[in-house]
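Trainee: Please give me a close account of the interior of this model, beginning with any enclosed space and then moving outward through its surroundings.

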Amino acid sequence: MDTIHDKVPRETVGRTTVTRFRMQFQAAAYAALEILSGKEVDRVYCDYHDDFVVRRIVAGVVEYHFFQVKTKGKANQQWDATAVFALKKQGALDTEEKLEAIRNSIAGKLFVHTVEFGEQCREVTVLSNVHFADDVHEVVADLTAGSSSKKYIRQFIEKFADIVSPGKPMSLEEVEAARKKLSLLANVQHIGETLDAFAMAAHNAIWRHSEIELHQHEVERIANSLVALVEEKSCASISGLSKSGIDMAASVGLEDLLKVLSISTQVYQTLVDACVRP
């Protein structure tokens, strides 16, 4: 009699999807650990407006850093300009369909935040476990510079406002500021198919940001709890919630991290005070 193992599964994409979500959760959890430093970062939103969003309070002003997490299964694979920007290196950028394709690309969706949030959008980043091809770095550098020797990139620069803000005119200053906000974070080592690398990186980050000492037997538990926390925040319903309710349901704050670390606010504050004391 045939067993379940003797038949080729019809569908295995779900396993890949779950792994990619876990890596997204790891990336957000790692970013949230900076909250422990008690400095600018005070909250990380999970799967809200983007894969995750880091909120900073800088001189009393709120700033947001948006992240798209894009992963591949093999370390030797790369993201190229076609995948990141939907840019074609041949032909003219002369139809609405072509502009819309760029607008809906990985980078295009990030650039839309620069319009919707204006000056509050501090930065937008594509984060990946693999490298970006040279043409991606070239596009980012030329967007920042505002000029390019490559025709297809020049067209992107010239059409930038039409692409990212088709219904809202942008000033030259706004266009220039928006173009410069895209960054790349490549070959990130703290995300992976298992929690091993994340656990080690999280352990180091917790010490770096707060000098909280962890015993080795605690590290695996805390790593699992951090990722589970972000998953919970990513899946929670936010329909009908107030602003403060959304913060509680869909983002990680200091109180969430201290619960995972099993540390009281008073103990944490003592550690922070010791870190900043001259």
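**The cavity and its surroundings**

Mentor: The structure holds one cavity of 30 Å³ or more, a cavity being a set of points on a 1 Å grid over the protein atoms alone where a 1.4 Å probe fits but cannot get out. The model is a predicted one, in which local features need pLDDT of at least 70 and side-chain atom pairs count only at pLDDT 80 or more, while totals for chains, interfaces and linings use all residues. Residues are numbered from 1 along each chain as its sequence is written, and side-chain values use heavy atoms, with hydrogens and water left out.

The volume of the largest cavity is about 30 Å³, taken as the space filled by probe spheres set on grid points joined across faces, edges and corners. Its lining (residues with an atom within 4 Å of a point) consists of Ala199, Ala202, His203, Ile206, Leu214, Val219, Ile222, Ala223 and Leu226. Two elements give two or more residues to this lining, namely H9 and helix H10 (216–235). Helices are DSSP runs of H or I with at least four residues, strands are runs of E with at least two, and both are numbered from the N terminus. By character, eight lining residues are nonpolar, one is polar and none is charged. Here Ala, Val, Leu, Ile, Met, Phe, Trp, Tyr, Cys and Pro count as nonpolar, Asp, Glu, Lys and Arg as charged, and the others, Gly among them, as polar.

Two of the lining residues, Ile206 and Leu226, recur in the largest nonpolar core. That core has 42 residues, and those with the most contacts inside it are Leu33, Leu36, Phe52, Ile206, Leu226 and Leu261. Such a core is a set of buried Ala, Val, Leu, Ile, Met, Phe, Trp, Tyr and Cys residues joined through side-chain atoms within 4.5 Å; buried means under 20% relative accessible area, exposed over 50%, and partly exposed in between, with a 1.4 Å probe and protein chains only. At least two residues of the core come from each of helix H1 (13–32), E1, E2, E3, H9, H10, H12 and helix H13 (265–276). A second, separate core of 38 residues includes Trp79, Met170, Val175 and Leu182.

Leu261 ties several of these pieces together. Apart from its neighbours within four places in sequence, Leu261 is in contact (heavy atoms within 4.5 Å) with Leu36, Ile206, Ile212, Leu214 and Ile222. Among these partners, Ile206, Leu214 and Ile222 also line the cavity. Leu261 belongs to helix H12 (residues 254–261), where Asp256, Leu257, Leu258 and Val260 are buried as well. After H12 comes Ser262, with a positive phi near 55°.

The strands that supply the core lead on to the sheet. It is an open sheet of six strands with mixed pairing, in the order E7-E5-E3-E2-E1-E8; two strands pair if DSSP finds at least two bridges between them. Because E7 and strand E8 (251–252) stand at the edges with a single partner strand each, one side of each is left without a neighbour in the sheet.

Strand E2 (residues 52–58) has five of its seven residues buried, so it is largely enclosed by the rest of the structure. On one side, E2 pairs antiparallel with strand E1 (residues 41–46) over five bridges, and Val44 stands opposite Val54. The hairpin of E1 and E2 has five residues between the strands, and Asp47 in the turn has a positive phi of about 55°. E2 is also joined by seven bridges to strand E3 (residues 61–70), again running antiparallel, with Val53 opposite Phe66. Two residues separate E2 and E3 in their hairpin, where Ala59 has a positive phi of about 50°.

Beyond E3, the pairing is parallel: seven bridges join E3 to strand E5 (residues 121–128). Tyr64 stands opposite Cys121, and Phe67 faces Thr125. Six of the eight residues of E5 are buried, so this strand too is largely enclosed by the rest of the structure. Four bridges then link E5 to E7, also in parallel, with Leu127 and Leu185 as bridge partners. In the loop between strand E7 (182–185) and helix H9 (196–210) lies Asn187, which has a positive phi near 50°. Asn187 counts as partly exposed because its relative accessibility is 31%. That loop leads back to H9, one of the elements lining the cavity.

Conventions:
1 Å grid on protein atoms, 1.4 Å probe; cavity = no way out; pocket = protein on both sides within 12 Å on 5 of 7 lines; lining within 4 Å.
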